[in-house]
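This briefing introduces one protein chain to a reader who is new to structural description. Please keep the sequence and the structure in view while reading.

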Amino acid sequence: MLPNAGVYYFPWEINSSVPEGETLRTFGRLSCYNLARSEAILSAQHSAAQHHVCVDTRLVEPFEAQLGSLYMVLGEAEHREGENPVIKARILTCVEGMNVPLLEQAVQEQRKYFSERQQRMGTDTS
């Protein structure tokens with residue numbers, strides 16, 4: 001059986017409320033990569049705050065880390081004691097040059113579509 005496609009989360013939405021094992025997608029600039037720990041940190045600016053997402057890279061190594069470049073990750077949320085979830089990456093791809101505001105808009109439109117579709121399905125079954 002194939003894993004789920006992964007729900008888009010913005011980096012600022014990834015916190016302890018993300019369910020353990022949830023398949024998710026997110027993005028951010030690679031701000032730190034520790035090969036010895038197989039750990040990368042993706043960062044993204046939202047409003048006035050800087051947000052960081054920790055990514056476990058064991059399943060995608062070796063990869064050529066380009067600090068400062070934009071990356072997209074697909075993986076599962078893993079909770080660690082006292083920390084925000086870590087994403088166990090299945091795919092970690094450099095997407096430098098991608099239009100981030102356009103991606104954010106597309107994610108918002110997709111969420112709106114799914115919400116409307118869910119509402120329509122709810123009224124059809126009543």
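Two strands are said to pair if DSSP finds at least two bridges between them. In this predicted model, R29 in one strand has L70 in β5 as its bridge partner. The protein chain contains one helix and six strands, and from the N terminus on these elements follow the order β-β-β-β-β-β-α.

**Overall form**

- The C-alpha atoms of the protein chain fill a box of roughly 55 × 30 × 30 Å, taken along the principal axes.
- Of the 126 residues in the protein chain, 35% are buried.
- Among contacts with a separation of 6 or more, 54% are between residues 24 or more positions apart.
- The protein chain exposes about 7,900 Å², and carbon and sulfur atoms supply 53% of this area.
- There are 11 positive and 16 negative side chains, and the centres of the two sets lie 3 Å apart.

**Strand β2 and its partners**

- Strand β2 comprises residues 23–34 and runs parallel to strand β1, residues 7–8, to which two bridges join it.
- In this parallel pair, V7 has L24 in β2 as its bridge partner.
- Strand β5, residues 70–78, runs antiparallel to β2, and seven bridges join the two.
- Strand β3, residues 39–46, also pairs with β2 in the antiparallel sense, over five bridges.
- Two residues illustrate the pairing with β3: L30 stands opposite L42, and C32 stands opposite I41.

**The hairpins**

- The hairpin of β2 and β3 has four residues between the strands, and S38 takes a positive phi near 55° there.
- β3 continues into a hairpin with β4 that has two residues between the strands; in its turn, S47 has a positive phi of about 55°.
- Eight bridges join β3 to strand β4, residues 49–56, and these strands run antiparallel.
- One of the pairs between them places A40 with V55 in β4 as its bridge partner.

**Salt bridges**

- Side chains of opposite charge can pair when their charged atoms come close.
- How many salt bridges does a search of the whole structure find? The search finds nine salt bridges.
- One of them joins R111 and E13, whose closest N and O atoms are 2.7 Å apart. R111 lies in helix α1, residues 100–124, and E13 in the loop between β1 and β2, so this pair ties together parts that are 98 residues apart in sequence.
- R111 counts as partly exposed at 29% relative accessibility, and E13 is partly exposed with a relative accessible area of 25%.
- Is R37 buried or exposed? R37 is exposed, with a relative accessible area of 55%.
- R37 meets E39 in a salt bridge of 3.4 Å, N to O, and E39 is buried, with a relative accessible area of 15%.
- K88 and E78 form a salt bridge in which the closest N and O atoms are 3.8 Å apart. Because K88 lies in strand β6, residues 86–94, and E78 in strand β5, this pair ties together parts that are ten residues apart in sequence.
- K88 counts as partly exposed, at 29% relative accessibility.
- Which residues are joined into one network by salt bridges that share partners? The network consists of R37, E39, D56, R58, E78, R80 and K88.

Key:
Residues numbered from 1 in each chain as written. Predicted model: local features only at pLDDT ≥ 70, side-chain atom pairs only at ≥ 80, totals over all residues. Heavy atoms only, no water. Buried < 20%, exposed > 50% of the residue type's maximum accessible area, 1.4 Å probe, protein only. Contact = heavy atoms within 4.5 Å. Areas by Shrake-Rupley, 256 points an atom, 1.4 Å probe, with all protein chains shown as cover. Lys, Arg positive; Asp, Glu negative; His and termini not counted. Charge placed at Lys NZ, Arg CZ, Asp CG, Glu CD. Salt bridge = Lys/Arg side-chain N within 4 Å of Asp/Glu carboxyl O.
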